[in-house]
Structure formats: structure tokens, C-alpha cells
Amino acid sequence: VDWPPTGADQVAYSLWDLSSVPDAFSEPDLNPIELGVKFQTAIDGFATGILFYKGEESGGTHVGNLWTANGDLLASVVFVNETASGWQYEPLPTPVPIIANRTYLVSYHTSMGGYAVDTGYFAASGFESWPLRALADGEDGSNGVYKYGESGFPTESYLSSNYWVDVAFQESLPPEPPDTTPPSVTSVFPASGASNVSTGAIITVTFSEPMDSATINNTTLSVRDAFWVTPAAVAYDNGGNTATINAMLAPGKTYTVTVLGGETGVKDIAGNALPATYVWSFKTVRPSSPSRGFPGAPVF
């Protein structure tokens with residue numbers, strides 16, 4: 001069991017440690033069942049995983065669930081790489097914020113029963129392992145709850161039983177690793193090599209991630225024909241990661257658009273530069289030839 005996690009930046013808690021074992025390792029009831037424990041925390045933090053004690057006869061698939069006291073599902077995870085019996089741990093896909101002194105319910109569903117149980121465990125008192133506390137039966141409804149059949153919020157109870165399901169809790173999360181991934185250009189308009197482009201077309205450059213708008217300007221994005229830089233207004237839309245270039249395009253010309261890369265070029269919000277300058281070209285529509293001679297004369 002890969003619990004608790006190691007690392008100087010993590011302090012992890014659970015109700016029971018791995019040396020805690022149930023009185024009844026495997027109930028002979030082999031029906032599908034959801035089994036849960038109500039708990040509170042003394043401090044705000046995050047639920048980061050679910051643990052349960054696996055009975056020797058508890059085969060099949062096991063799914064851990066985290067609920068509000070009212071039965072709203074907050075997170076779910078399928079247990080993988082289980083051992084034959086004993087404590088099992090699975091991290092949640094995404095940590096769930098937990099508010100101090102509010103009741104939550106952690107449960108697991110076993111498709112083949114065979115669960116661990118201690119009857120009467122919560123009858124006289126709860127169980128505390130700071131900052132976590134499993135509630136005494138009757139403190140906030142019944143504790144030690146179950147539901148037969150498909151996975152779902154458990155509400156039934158029997159003799160204040162402990163079904164040995166636990167929550168992994170952390171007061172804070174380790175900092176996110178710094179963003180070192182450089183941006184890239186994912187699409188442009190007009191397309192590279194396009195022809196017959198309208199002179200009223202708005203040029204766009206879409207990036208792979210949010211960009212630093214201060215680096216999106218007429219210096220880093222430019223349009224030119226064969227001889228001159230074309231006057232243009234450059235803007236950036238944070239919502240679509242897209243820069244727009246409103247240039248004064250003339251008919252019948254080839255234009256080259258340059259998105260400057262490197263340290264003096266465009267950068268994402270983490271300061272990573274576009275690795276290399278991105279360049280593409282397109283042609284505008286040819287100018288119309290005037291009619292000659294008389295109305296309806298062919299155009300040469």
C-alpha cells in the first residue's frame with residue numbers, strides 16, 4: 001500500500017494507521033454492497049485519496065466514493081493493483097476541498113461482499129486521530145452505514161458498525177511544478193499558401209496556451225508584402241488564445257506574416273518564449289479588370 005505519501009512538502013493524515021485491523025476480517029455476506037463512515041476534520045484541507053480494509057473474501061471490483069452529508073457525490077475512484085487483503089489505498093483524480101467541522105461520508109463499493117466489519121464500534125463514541133474524527137453513532141445520524149446493490153449513497157445502519165473505510169487528508173497541497181512548456185502556433189488564418197484571400201480578411205494566429213498579452217504587438221507580429229511592412233492593428237483575445245491582425249491588404253499581392261520567436265518574441269503567461277519564429281504567406285484576390293468597348297464586353 002503506497003500510503004502515506006512521502007515528501008518533505010506533504011503532511012498526510014488518515015483516521016486509522018496501517019497497523020489497525022478489524023475484528024472480523026471478512027464477513028461471509030457476498031452480496032454487492034456500499035459501506036461508509038461519516039467523518040469531520042478540525043481544520044480546512046483536502047481529501048486526496050480513499051482507503052479501505054479489504055477482507056480476504058472481498059473479490060471483484062472496488063470503487064471508493066466521497067460524499068457530502070446530504071448525498072452529493074464529490075469524487076469517485078476505482079481501486080487498482082490491490083493486494084489479496086489488508087489496507088488498500090487509491091488517490092483521488094483531483095483533491096477535494098474539505099471544510100472544517102462539516103460532516104462528510106467516505107465509502108467504498110464491493111461487488112462481491114466479503115467486507116471487514118467491527119459491530120458496535122461507534123456505539124459509545126467516535127474515533128479521533130487529529131485532525132480527523134469519525135463520528136459517534138447518533139452524533140449526525142447513524143454512523144457505520146451501508147447500501148445493498150449498485151454503488152450509491154449509503155444510509156442504512158446496523159449495530160453502529162465500523163466498515164473500515166478511511167479518507168486520506170492533507171491540510172495543504174504541494175505547489176504546482178513551474179510551467180516550462182513553450183507555446184506553439186496551432187492554427188492561422190488565412191491558411192499558409194491560401195490564394196484569393198479577401199482584402200478585408202482579419203489575420204489570426206491561435207496559440208496552444210494563454211499568452212502574455214504584453215508580448216503580442218506590432219513588433220512581434222507583422223505583415224509585409226514584397227517590399228514594405230503593412231500597417232496593421234494587433235490585438236489579443238485571452239479567451240481564445242488568439243492574436244488578431246487587422247492589416248491594410250491590397251488586391252493581387254503576396255503577404256508574409258511573421259510571429260517572432262525567441263527571447264524578444266511572443267511568450268506565454270509563464271514567460272516561456274515561442275521557440276522559433278513562425279512565418280507563412282498567402283495571396284489576396286486579383287484586382288478586377290475594367291470592361292472595354294461596351295457593356296457586357298469580355299474581360300481580358
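I looked up S222 first and found that in this predicted model the residue stands opposite T258 in strand 18. Following the pairing outward from there, I noted that strand 15 and strand 18, the latter made of residues 254–259, run antiparallel to each other and are joined over four bridges.

I then traced the sheet to which these strands belong, and recorded an open sheet of three strands in the order 15-18-19, with antiparallel pairing. Strand 15 (221–224) and strand 19 (278–283) stand at the edges with a single partner strand each, so one side of each is left without a neighbour in the sheet. For the twist I noted an average of 15° from one strand to the next.

Next I turned to strand 4 (residues 62–68) and strand 5 (residues 73–78), which pair in the antiparallel sense over five bridges. Within this pair I located W67 opposite L73 in strand 5. The two strands, 4 and 5, form a hairpin with four residues between them, and I marked G71 in the turn for its positive phi of about 100°.

My last entry concerns N162, which I placed in the loop between strand 11 (156–157) and strand 12 (165–170). Is N162 buried or exposed? I found a relative accessible area of 0%, and because the cut-off for buried is under 20%, N162 counts as buried. Setting aside neighbours within four places in sequence, I listed its contacts as W16, V37, A116, V117, D118, Y121 and F122. I also noted that a polar atom of the N162 side chain lies 2.9 Å from the backbone nitrogen of W164.

Terms used: Residues numbered from 1 in each chain as written. Predicted model: local features only at pLDDT ≥ 70, side-chain atom pairs only at ≥ 80, totals over all residues. Heavy atoms only, no water. Buried < 20%, exposed > 50% of the residue type's maximum accessible area, 1.4 Å probe, protein only. Polar contact = N/O pair within 3.5 Å; in protein donor to acceptor, adjacent residues only side chain to side chain. Contact = heavy atoms within 4.5 Å. Pairing = 2+ DSSP bridges. Axes fitted to C-alpha atoms, helices over the stretch in contact; angles between N-to-C directions.
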